[in-house]
Amino acid sequence: MPKRRTPEERYKENIRKQQQTLEEFAAHEIEWADDLLMWYRIKKLDMPDDEYRAVAFFKNREYLHKPGSLTLLYEMYLCCIKELPPSTRETAFDLLAYRYHLYAVTLSKGGYDGRID
């Protein structure tokens, strides 16, 4: 008969799963940040400051020094996935740029943008 896990063991397992989900999300978003930078270069456009701020947040792994910021961005990502239309070849750039714009707004409202207003 298998031994039942204690509440502490269950808690640690839940934390480990959440940590893994956030790490996978961060890795995924770092790749998308690279893609967004590349698309702006290919289109010979200047990236808006707010989108660049969100890209830099992921690329520089600033979330490691700002507790709660990655969870906040993950929640925003889930909202985007649920509410934005599916990406097509024609809309992929615009949807990704908009998502990073929303990340920047979320970081600012959450107090994670490094600015003092």
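A residue counts as buried when its relative accessible area is under 20%. In this predicted model, both Phe58 and Tyr103 meet that criterion. The two residues also form a tilted aromatic pair, and both are listed among the residues with the most contacts inside the largest nonpolar core.

**Helix 2 and its surroundings**

- Helix 2 covers residues 49–59, and its buried residues are Glu51, Arg53, Ala54, Val55, Ala56, Phe57 and Phe58.
- These buried residues pack against three other elements: helix 1 (7–43), helix 3 (69–83) and helix 4 (92–109).
- After helix 2 comes Arg61, which has a positive phi, near 50°.

**Nonpolar core**

- The largest nonpolar core contains 24 residues, and Leu36, Phe58, Tyr100 and Tyr103 have the most contacts inside it.
- Helix 1, helix 2, helix 3 and helix 4 are the elements that contribute two or more residues to this core.
- Leaving aside residues up to four places away in sequence, Leu36 is in contact with Met47, Glu51, Val55, Phe93, Leu96, Ala97 and Tyr100.

**Aromatic pairs**

- Across the whole structure, a search returns 12 aromatic pairs.
- One of them joins Phe58 and Tyr103, with 5.6 Å centre to centre and 55° between the planes, a tilted arrangement.
- This pair connects distant parts of the chain, since Phe58 lies in helix 2 and Tyr103 in helix 4, 45 residues apart.
- Tyr74 and Tyr77 have ring centres 6.4 Å apart and planes at 25°; planes under 30 degrees apart count as stacked, so this pair is stacked.
- Tyr74 and Tyr77 are three residues apart in helix 3, so about one helical turn separates them.
- Tyr74 is partly exposed, its relative accessible area being 22%.
- Tyr77, with a relative accessible area of 17%, is buried, because the limit for buried is under 20%.

**Aromatic cluster and a charge over a ring**

- A single aromatic cluster is formed by Phe25, Phe57, Phe58, Tyr63, Tyr74, Tyr77, Tyr100 and Tyr103.
- The members of this cluster include Phe58 and Tyr103 as well as Tyr74 and Tyr77.
- Lys43 places its charged end over the ring of Phe93, 4.6 Å from the ring centre.
- Phe93 is also one of the residues that Leu36 touches.

Definitions and conventions. Residues are numbered from 1 along each chain as its sequence is written. This is a predicted model: local features need pLDDT of at least 70, side-chain atom pairs count only at pLDDT 80 or more; totals for chains, interfaces and linings use all residues. Side-chain values use heavy atoms; hydrogens and water are left out. Buried means under 20% relative accessible area, exposed over 50%, partly exposed in between (1.4 Å probe, protein chains only). Helices (H or I, at least four residues) and strands (E, at least two) are DSSP runs, numbered from the N terminus. Contact means heavy atoms within 4.5 Å. Rings of Phe, Tyr and Trp (its six-membered ring) pair if their centres lie within 6.5 Å; planes under 30 degrees apart count as stacked, over 60 as edge-to-face and the rest as tilted. A charge sits over a ring if NZ of Lys or CZ of Arg is within 6 Å of the ring centre and within 35 degrees of the ring normal. A nonpolar core is a set of buried Ala, Val, Leu, Ile, Met, Phe, Trp, Tyr and Cys residues joined through side-chain atoms within 4.5 Å.
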